[in-house]
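Work through the exercises below with the sequence and the 3D structure at hand. Each task is followed by a solution in steps.

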Amino acid sequence: MAGKPPAGDPVQDAPDVTAPQHAAAGLPAIGHTLRIAQQQMGVRRTALTLLKVNQKDGFDCPGCAWPEPDKRHRAEFCENGAKAVAEEATLRRVTPEFFARHPVSDLAARSGYWLGQQGRLTQPMYLPEGADHYEPVPWERAFDIIAEELRRLDSPDEAVFYTSGRTSNEAAFLYQLFARELGTNNLPDCSNMCHESSGSALTETLGVGKGSVLLEDLYRADLIIVAGQNPGTNHPRMLSALEKAKANGAKIVTVNPLPEAGLERFKNPQTARGLAGSGTPLTDLFLQIRLGGDQALFRALNRLLLETDGAVDTEFVAQHTHGFEEFAETARATDWDEVLRATGLDRQRIEQLHDMVLSARSIVVCWAMGLTQHKHAVPTIREVVNFLLLRGNIGRPGAGVCPVRGHSNVQGDRTMGIFERPAPAFLDALEKEFGFAPPREHGLDVVRSIRALRDGTAKVFFAMGGNFVSATPDTEVTEAAMRRARLTVHVSTKLNRSHVITGARALILPTLGRTEKDVQATGEQFVTVEDSMGMVHASRGGLAPASAQLLSEPAIICRLARAALGPDSVVPWAEFETDYDLVRDRISRVVPGFEDFNTKVRRPGGFTLPHAPRDNRRFPTATGKANFTAAPVEYPQVPEGRLLLQTLRSHDQYNTTIYGLDDRYRGIRGGRRVILLHPEDAHAHGLAEGAYTDLVSEWSDGVERRAEGFRVVHYPTTRGCAAAYYPETNVLVPLDHTADTSNTPASKSVVIRLEATRDQNHLPTAAPDA
């Protein structure tokens with residue numbers, strides 16, 4: 001029955017395994033979508049809600065940040081987007097009675113899946129020091145508790161203000177404004193864990209840390225390279241764009257350590273061919289690369305281009321770029337034996353890609369975490385830029401860089417100032433607009449925040465959304481660090497593990513979701529978001545709030561600011577809470593590209609932010625041109641008898657939110673503690689299909705990090721490379737194993753060894769009924 005959560009915590013460690021699939025979506029996706037939605041929302045609510053997802057008069061999907069086309073389908077959502085909506089619009093509720101029944105010690109023993117399935121939070125909850133039960137607390141008392149703790153700090157820099165990508169532009173702007181008026185730039189966010197490497201590389205080379213393409217550029221491309229990305233699970237609506245590109249004549253190359261069903265064949269559930277036919281084959285060339293070999297692949301391509309007469313756009317290079325000679329000298333010296341070791345590919349396959357490049361005038365390169373979460377992620381993405389610059393594939397229709405952002409509005413949050421290292425120009429604009437001097441010293445990113453909490457130099461942790469404990473690396477270190485805090489606060493819609501790994505005191509502040517109406521003193525409000533391609537548009541919820549006790553994110557921030565900053569604050573917080581137009585007016589005077597914000601965002605579909613390299617081939621870098629870069633080829637080194645592990649999502653998952661226990665495209669049902677191994681690697685370790693093993697990561701600090709009891713699945717991965725789901729394997733990622741420059745956790749290249757399962761009775765039994 002809709003609205004009823006699962007009774008017990010299911011066993012997750014003994015899945016059924018069948019052969020992986022070779023096509024994505026189609027009728028099974030529709031069936032799964034409707035089943036999940038109706039379980040959470042019921043039939044009528046499902047129809048009313050899903051038909052408003054990603055519509056111009058509706059609300060932005062709370063899942064991924066893939067953009068919407070101008071002409072939209074009536075069902076402009078994907079399977080995983082529908083799951084995200086269903087979990088937010090669920091009829092299930094977590095009330096004070098739930099917390100009275102379940103002590104924190106009990107909840108801490110539950111799985112993240114079980115916690116999330118309990119439903120929407122309904123009232124502010126407080127965990128006093130020494131207590132084992134959350135108890136209801138009035139909103140005003142909750143704000144007073146936070147304000148009192150902030151005032152106790154020796155410095156504002158002892159507080160950390162984390163942001164999840166789902167936060168709206170208006171809330172993000174207010175959040176950073178509060179932190180900076182308080183006196184700190186400690187504004188870590190989920191970008192630190194995903195596309196920070198992209199932003200670092202693109203800012204250095206092109207002058208703008210965002211992608212340079214629009215959706216129409218994909219439709220106009222001759223060649224699309226999709227590297228280190230699985231859109232069939234993580235950005236399913238991207239498959240529709242790739243299908244349209246194919247229909248227009250584009251070739252698609254996939255570069256990935258795993259074959260993924262969505263990039264093999266797409267059965268578009270919005271077309272007759274997709275529902276009843278065989279669908280559309282997408283990939284023309286699949287390069288099954290070794291983990292971390294992407295920089296070497298693009299370096300080899302660049303050498304081949306330099307050695308081919310007429311392949312380089314010499315006019316573009318001369319007019320718009322800097323550093324070509326040093327780059328070319330380095331690229332021409334590329335060692336082919338090293339390239340083949342790094343990539344695991346044979347030279348013929350790389351030359352086949354080179355031939356496809358020569359046949360294409362306009363090229364787009366798309367990527368995601370498979371490129372950004374390595375130690376050498378920034379040089380890898382810089383090499384992608386080198387590749388595009390060589391043939392003038394920046395600032396031309398159908399060409400450019402396309403880092404595919406994961407979470408809805410994670411890019412908008414950064415645009416609004418959620419950044420621990422803000423640009424001086426942004427701080428100058430804030431000071432001019434609001435009349436206070438924001439701090440100039442750089443703050444803490446995610447990894448540095450964990451260290452500060454661990455070391456006791458940070459004492460208050462405030463999270464605007466997200467599930468910080470489950471999203472971050474080195475789980476045992478992170479959880480111990482959080483427990484050292486004096487106060488942890490989470491603004492959330494649903495229960496997650498971060499609520500049960502607390503500081504001495506803890507607060508849960510329940511907030512409105514994207515699907516819900518937001519009514520303030522001046523009337524019904526809307527918020528705005530920025531998609532992965534720099535389009536800004538409105539989002540309007542239509543459902544009644546899950547509880548009368550919920551506050552919007554802007555209201556929470558404004559009330560907290562009034563409590564913490566007091567009457568001397570120079571910011572009109574009370575006015576901002578009542579009318580979000582007033583917030584947008586201020587944004588329009590602070591953030592470039594948002595001039596006349598309130599007018600432009602009311603146009604159907606919103607507006608496009610300027611992007612100088614795309615719009616006029618102007619590059620706001622230190623040299624005033626696009627920068628070629630030269631760097632040594634890097635790739636992970638793996639000792640004999642060890643494997644290279646990447647963490648990844650299942651198909652029933654979005655970031656740390658677990659919708660179910662299946663990964664049907666990979667043939668896994670009813671469990672998550674699995675490790676995908678090439679059959680020859682498994683045999684070399686004496687592991688039959690269905691055996692169990694412990695995963696032990698190896699790092700220079702000598703600390704043993706172990707994940708116990710993983711079922712072995714023989715799978716067509718690249719030799720020497722393995723894969724397993726996070727957050728279960730985050731425990732294996734050392735806190736200090738990060739990308740150079742960006743400091744992003746290197747979760748896609750963890751050296752592990754396999755050991756016999758230490759606890760033969762590791763498989764749990766189902767928890768008692770809730």
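**Exercise 1: two helices that cross**

Helix α9 (residues 196-205) and helix α21 (residues 377-390) have axes that come within 8 Å and cross at roughly 45°. This is a predicted model, in which local features need pLDDT of at least 70 and side-chain atom pairs count only at pLDDT 80 or more, while totals for chains, interfaces and linings use all residues. Residues are numbered from 1 along each chain as its sequence is written, and side-chain values use heavy atoms, with hydrogens and water left out.

Task: describe how α9 and α21 are placed and which residues make the contact.

Solution.
- Step 1. Helices (H or I, at least four residues) and strands (E, at least two) are DSSP runs, numbered from the N terminus. Axes are lines fitted to C-alpha atoms, for helices over the stretch in contact, and angles run from 0 to 180 degrees between N-to-C directions.
- Step 2. Angles under 35 degrees count as roughly parallel, over 145 as roughly antiparallel, 65 to 115 as roughly perpendicular and the rest as oblique. Therefore α9 and α21 are oblique to each other.
- Step 3. The crossing of α9 and α21 is right-handed (the near helix is turned clockwise from the far one by less than a right angle; anticlockwise would be left-handed).
- Step 4. Contact (heavy atoms within 4.5 Å) is made by Ser197, Ser198, Ser200, Ala201, Leu202, Glu204 and Thr205 of α9, and by Ala377, Val378, Ile381, Arg382 and Val385 of α21.
- Step 5. Sorted by class, the contact of α9 with α21 has six nonpolar, four polar and two charged residues. Here Ala, Val, Leu, Ile, Met, Phe, Trp, Tyr, Cys and Pro count as nonpolar, Asp, Glu, Lys and Arg as charged, and the others, Gly among them, as polar.

**Exercise 2: a second helix pair**

Task: do the same for helix α23 (residues 424-434) and helix α29 (residues 580-590).

Solution.
- Step 1. The axes of α23 and α29 come within 9 Å and cross at roughly 130°. That makes α23 oblique to α29.
- Step 2. The crossing of α23 and α29 is right-handed.
- Step 3. In α23, Phe426, Ala429, Leu430, Glu433 and Phe434 meet Arg586, Arg589 and Val590 of α29.
- Step 4. By class, the contact of α23 with α29 has five nonpolar, no polar and three charged residues.

**Exercise 3: an open sheet**

Task: find which strands stand at the edges of the open sheet of three strands.

Solution.
- Step 1. The order is β21-β22-β23, with antiparallel pairing (two strands pair if DSSP finds at least two bridges between them).
- Step 2. β21 (527-530) and β23 (607-608) each have a single partner strand, so one side of each is left without a neighbour in the sheet.
- Step 3. β21 pairs with strand β22 (residues 535-539) over four antiparallel bridges, and glutamate 530 stands opposite valine 536 in β22.
- Step 4. Helix α8 (residues 169-182) lies across β21 and β22, running at about 90° to β21.

**Exercise 4: a closed barrel**

Task: trace the six strands of the closed barrel.

Solution.
- Step 1. The barrel runs β25-β32-β29-β31-β30-β33, with mixed pairing. Its twist averages 45° from one strand to the next.
- Step 2. Strand β30 (residues 692-697) and strand β31 (residues 705-714) run antiparallel and are joined by five bridges. Valine 696 stands opposite arginine 706 in β31.
- Step 3. Proline 727 is in the loop between β32 (721-725) and β33 (750-756). A cis peptide bond, with omega about 10°, joins tyrosine 726 to proline 727.
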